[in-house]
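Student: Could you take me closely through one helix of this model and the packing around it? I would like the cut-offs stated as you go, and then a look at the aromatic rings.

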Amino acid sequence: MKLNAIVNLNTVEPISTHLNITVQAIEIKACRWMNQNGLSLLRLSLGIIFVWFGILKPFHLSPAQQLVEDTIAFLMLPPEFVSILGYWEVAIGVFICFHSTTRLALVLLFLHMPGTMLPLVLLPDICWTQFPYGLTMEGQYIIKNLALVSAAILIGGTLHYQTLSGQNMPAALR
């Protein structure tokens, strides 16, 4: 019996076409999952980061403790201000996790972020190995806040989802 009698070789698609369809199906499922869960995970991640980093400050356990203390001293604020900043960060972390308190979290976060950038200007010897390219570990710690700000902007962009899109807000955005 000939092979082409069993399978019409003229209509068989190459295996690469089947792989492309399978990869595309997997990608679509992954994208759907990310779309449904991404914002909630982003809120939770920011919450964890702010609570964790914040709660260390009042107990003098933060790896950035000296940097914060030096910045506060430069600004002639009392040393107790480190604890206030820590609790402020904890509040941001808790409030960002819930849609009902997102606005408050964003206000606190955007008031806080300029202060976190101050050491880049006020304490250049601590933040730079070579300005403007070479960052120390402390400088990198500060620059990563750009990702936190971007994440907050993304979350803030969902506050008026229904007004902006004309659609009801998906459960994942609430």
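Tutor: What follows begins with helix H4 and moves outward to the cores and the aromatic pairs.

This is a predicted model, in which local features need pLDDT of at least 70 and side-chain atom pairs count only at pLDDT 80 or more, whereas totals for chains, interfaces and linings use all residues. Residues are numbered from 1 along each chain as its sequence is written, and side-chain values use heavy atoms, with hydrogens and water left out.

Helices (H or I, at least four residues) and strands (E, at least two) are DSSP runs numbered from the N terminus. H4 has 16 residues, and from its first C-alpha to its last it reaches 22 Å, close to the 22 Å expected at 1.5 Å a residue; the expected span is 1.5 Å times one less than the number of residues. Buried means under 20% relative accessible area, exposed over 50%, and partly exposed in between, with a 1.4 Å probe and protein chains only. By that criterion the buried residues of H4 are Val-82, Leu-85, Gly-86, Glu-89, Val-90, Ile-92, Gly-93 and Ile-96. Seen down the axis of H4, these buried residues fall within an arc of 155°, so they line one face of the helix, the arc being that of the directions from the helix axis to the C-beta atoms. An α-helix has 3.6 residues a turn, so residues three or four places apart point the same way.

Ile-96 leads from this helix into the largest nonpolar core, which has 16 residues and in which Leu-46, Phe-50, Ile-96 and Leu-109 have the most contacts. A nonpolar core is a set of buried Ala, Val, Leu, Ile, Met, Phe, Trp, Tyr and Cys residues joined through side-chain atoms within 4.5 Å. Helices H2 (15–56), H4 (81–96), H5 (102–122) and H8 (145–156) each supply at least two residues of this core. Not counting residues up to four places away in sequence, Ile-96 touches Arg-43, Leu-46, Gly-47, Thr-102, Ala-105, Leu-106 and Ile-155, where contact means heavy atoms within 4.5 Å. Apart from the largest core lies another, of 6 residues, among them Leu-67, Leu-120, Leu-123 and Trp-128.

H2 also carries Trp-52, which is exposed at a relative accessible area of 56%. Trp-52 and Glu-89 are 37 residues apart in sequence and 8.7 Å apart in space, C-alpha to C-alpha.

Turning to the rings, the structure holds 2 aromatic pairs. Rings of Phe, Tyr and Trp (its six-membered ring) pair if their centres lie within 6.5 Å, and planes under 30 degrees apart count as stacked, over 60 as edge-to-face and the rest as tilted. The rings of Phe-53 and Tyr-141 have centres 5.8 Å apart and planes at 15°, so this pair is stacked. The pair links distant parts of the chain, with Phe-53 in helix H2 and Tyr-141 in helix H7 (residues 137–143), 88 residues apart. Phe-53 is partly exposed at 29% relative accessibility, and Tyr-141 is partly exposed at 26%. Trp-128 and Phe-131 form an edge-to-face pair, 4.9 Å centre to centre with 80° between the planes; Trp-128 is buried at 15%, whereas Phe-131 is exposed at 61%. A cis peptide bond, with omega about 0°, joins Phe-131 and Pro-132, and Pro-132 lies in the loop between strand S1 (128–130) and strand S2 (134–135).
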